[in-house]
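Q: Please take a close look at a single part of this structure. I would like one connected account of how that part is built and what surrounds it.

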There are 2 protein chains.
Amino acid sequence: MELANDKHYLALCGGVGGAKLALGLAHCLPPQSLTIAVNIGDNFEHLGLPIWPDIDTVSYTLAGLANPEQGWGRQAETWQVMDELKRLGAPDWFALGDKDIALHLHRKHLLEQGNTAAEATQLINQALGVTHTVLPISNQTISTKVHTDIGTLEFQEYFVKERAQPKLLGLDYVGAKSAQLLPQVESLLGDPSLTGIIICPSNPYLSIGPMLAISGLKAKLARSNAPVLAVSPIIGGQAIKGPTAKIMTELKVTPCATLIADLYAGFVDITIIDETDRALVSIKPLIKATPTLMMNLFEKKRLAVECIKTLDGFRDE
Amino acid sequence: MELANDKHYLALCGGVGGAKLALGLAHCLPPQSLTIAVNIGDNFEHLGLPIWPDIDTVSYTLAGLANPEQGWGRQAETWQVMDELKRLGAPDWFALGDKDIALHLHRKHLLEQGNTAAEATQLINQALGVTHTVLPISNQTISTKVHTDIGTLEFQEYFVKERAQPKLLGLDYVGAKSAQLLPQVESLLGDPSLTGIIICPSNPYLSIGPMLAISGLKAKLARSNAPVLAVSPIIGGQAIKGPTAKIMTELKVTPCATLIADLYAGFVDITIIDETDRALVSIKPLIKATPTLMMNLFEKKRLAVECIKTLDGFRDE
């Protein structure tokens with residue numbers, strides 16, 4: 001399914017789950033018809049390296065370089081640097097493959113040369129052979145802080161070092177209020193010819209939340225001419241990937257396929273839930289059911305086509 | 001040859017040539033009897049990493065981890081990160097092995113944690129299994145700038161990127177005037193029980209020069225109770241390693257075995273030149289000839305013993 005060049009879709013995307021749908025969309029849309037804006041809330045600096053996990057996961061996935069078993073990092077990765085870091089007694093809780101380290105070093109160099117986060121991301125994507133546009137949601141910094149029963153942690157400390165074990169008491173998206181929406185994304189949202197907006201099935205608190213916390217983004221989504229579609233990451237009361245369900249329980253929210261219809265109320269026009277949860281389908285708010293599990297490329301493309309068709313149908317009504 | 005514990009020698013040392021004698025000294029003296037203070041003028045930041053070539057060469061050499069063919073870097077090194085950096089289009093003129101990168105990342109982390117340059121160096125040496133004390137000559141920064149016919153270059157740009165090809169017009173040791181001599185080294189120099197000081201056969205302009213440019217160091221060497229011995233890096237009008245002879249020609253200095261006796265006049269008591277240059281031996285200034293080529297451990301130890309004996313003999317006179 002190749003769309004006419006005059007169509008353009010914007011996807012908001014976190015890491016693993018979001019990257020799957022982004023790959024499906026990239027297989028259905030030509031490069032000039034898709035912009036993928038990615039979460040930056042889990043970016044952090046470690047050993048002096050700028051580590052941007054969600055952006056790299058999307059880039060690696062689109063470049064066909066991602067490690068499909070792990071859900072993060074590179075295929076055919078090696079661990080020479082990490083082995084030596086362990087020997088030297090350096091912190092080793094965040095696994096950094098050699099190819100990953102090369103990318104982080106290169107990004108650091110690009111940033112030090114004066115490139116913005118978006119420019120650095122685009123230069124890296126060109127080098128990786130990614131033809132679709134992948135952008136950070138902002139050129140500024142947003143840092144997700146996790147308040148837990150063992151104290152306030154950086155997101156990666158919570159998620160990787162502590163393996164999301166501590167009880168989550170609350171979240172702060174530090175910097176989000178003052179961060180500016182990336183000009184390219186802002187301009188797309190204001191463009192009357194934008195065809196549709198897709199919020200990928202990423203964790204609403206950890207991946208989409210930091211983006212939505214940017215001042216004005218929710219209003220811009222609501223005001224956009226383009227319909228906004230969100231894909232639920234919850235199937236049958238379970239999150240597909242990561243600690244979404246655990247976090248929801250701790251935040252005293254019932255993990256339910258239609259939760260994001262509530263969370264995103266006011267700016268989302270259509271919510272897609274899994275076939276399994278068809279009983280929750282409704283007309284207002286518009287909730288549709290379709291297979292959302294993306295275990296292979298066929299399923300990723302199928303969901304992408306469903307999102308595009310649904311958006312086009314909504315617009316044409 | 002193991003000396004009594006109440007003896008203590010200080011060596012001033014650059015990279016490759018200096019590290020050879022440092023290894024010889026470390027084989028002759030117990031850890032508590034030797035301090036090796038190393039040049040920092042060729043330290044630089046590259047891809048955001050703090051790269052300290054002379055210190056690492058000395059540490060790797062003493063740890064038995066140096067690559068003997070190359071004269072720099074590690075044995076059994078791998079190049080995974082560098083290969084990926086090249087693929088990404090990052091600057092690749094400075095070859096960084098994976099083990100080397102791990103060490104630079106760890107050093108960066110130690111410095112960011114608030115360790116001084118000396119503390120970071122000692123922590124790394126402990127991790128590498130170096131038992132003798134290796135220290136930077138200062139906790140501050142000295143940056144050797146090379147004025148050439150193609151402009152002013154950072155030392156590593158001149159030495160590695162441009163392969164020491166541009167014509168050298170002059171040198172500046174930026175930061176040396178305001179850099180403080182490392183307190184441990186200063187205290188050794190003022191200690192009446194210091195047994196001897198050895199200036200290793202390193203390039204006098206590129207390796208020893210940046211150290212001697214630190215305010216007061218020459219005077220402290222001259223005032224020290226301990227005799228000061230320098231080993232000439234020039235044999236038969238040729239430098240053993242690196243571009244010393246080329247630089248001297250460009251600086252309109254005749255490469256001569258006794259040159260360092262002139263350069264270091266005022267604070268050096270004894271100069272050791274190679275057997276080949278025996279004709280240049282003199283009593284005042286005291287110049288001795290002995291085999292100085294260090295092609296293997298035996299020759300390194302032989303020269304180290306000769307330095308120690310000469311210093312002890314001078315002191316006992």
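A: What follows starts from one helix, moves to the strands beside it, and then turns to some backbone details. The model is predicted.

Start with helix 1 of chain A, residues 16-28. How does the length of this helix compare with the span expected at 1.5 Å a residue? Its 13 residues should span 18 Å, and the end C-alpha atoms lie 19 Å apart, so the two values agree.

Helix 1 of chain A is mostly covered, with 11 of its 13 residues buried. Buried here means under 20% relative accessible area. Among the buried residues are A:Gly17, A:Gly18, A:Ala19, A:Lys20 and A:Cys28.

What covers them? The cover includes strand 1 (9-13), strand 2 (34-38), strand 9 (196-199) and strand 10 (228-231) of chain A. Helix 2 (53-63) and helix 12 (297-316) of chain A also contribute.

Take strand 9 of chain A next. Both of its faces are covered. A:Gly196 and A:Ile198 are buried on one side, A:Ile197 and A:Ile199 on the other. Strand 9 of chain A runs parallel to strand 1 of chain A, and four bridges join them. A:Ala11 has A:Ile198 as its bridge partner. Strand 9 of chain A also pairs with strand 10 of chain A, again in the parallel sense, over three bridges. There, A:Ile197 stands opposite A:Val228. In general, strands of a sheet pair through backbone hydrogen bonds.

Elsewhere in chain A, the peptide bond from A:Lys284 to A:Pro285 is cis, with omega near -5°. A:Pro285 sits in the loop between strand 13 (270-274) and strand 14 (286-290) of chain A. Most peptide bonds are trans.

Chain B offers an antiparallel arrangement. Three of its strands form an open sheet in the order 7-6-8. Strand 7 (151-154) and strand 8 (168-174) of chain B stand at the edges, each with a single partner strand, so one side of each has no neighbour in the sheet. Neighbouring strands of this sheet are turned by 25° against each other on average, direction ignored. Strand 6 (residues 143-148) and strand 7 of chain B pair over four bridges. B:Lys145 stands opposite B:Glu154 in strand 7 of chain B. Helix 8 (residues 204-212) of chain B lies across strand 6 and strand 8 of chain B.

The loop between helix 6 (155-161) and strand 8 of chain B holds B:Arg163. B:Arg163 has a positive phi of about 50° and is exposed, at 65% relative accessible area. B:Ala164 lies in that loop too. Its phi is near 55°, but B:Ala164 is buried, at 7% relative accessibility.

Notes: Residues numbered from 1 in each chain as written. Chains lettered and ligands numbered in written order. Predicted model: local features only at pLDDT ≥ 70, side-chain atom pairs only at ≥ 80, totals over all residues. Heavy atoms only, no water. Helix = DSSP H or I, 4+ residues; strand = E, 2+ residues; numbered from the N terminus. Expected span 1.5 Å × (residues − 1). Buried < 20%, exposed > 50% of the residue type's maximum accessible area, 1.4 Å probe, protein only. Contact = heavy atoms within 4.5 Å. Pairing = 2+ DSSP bridges. Axes fitted to C-alpha atoms, helices over the stretch in contact; angles between N-to-C directions.
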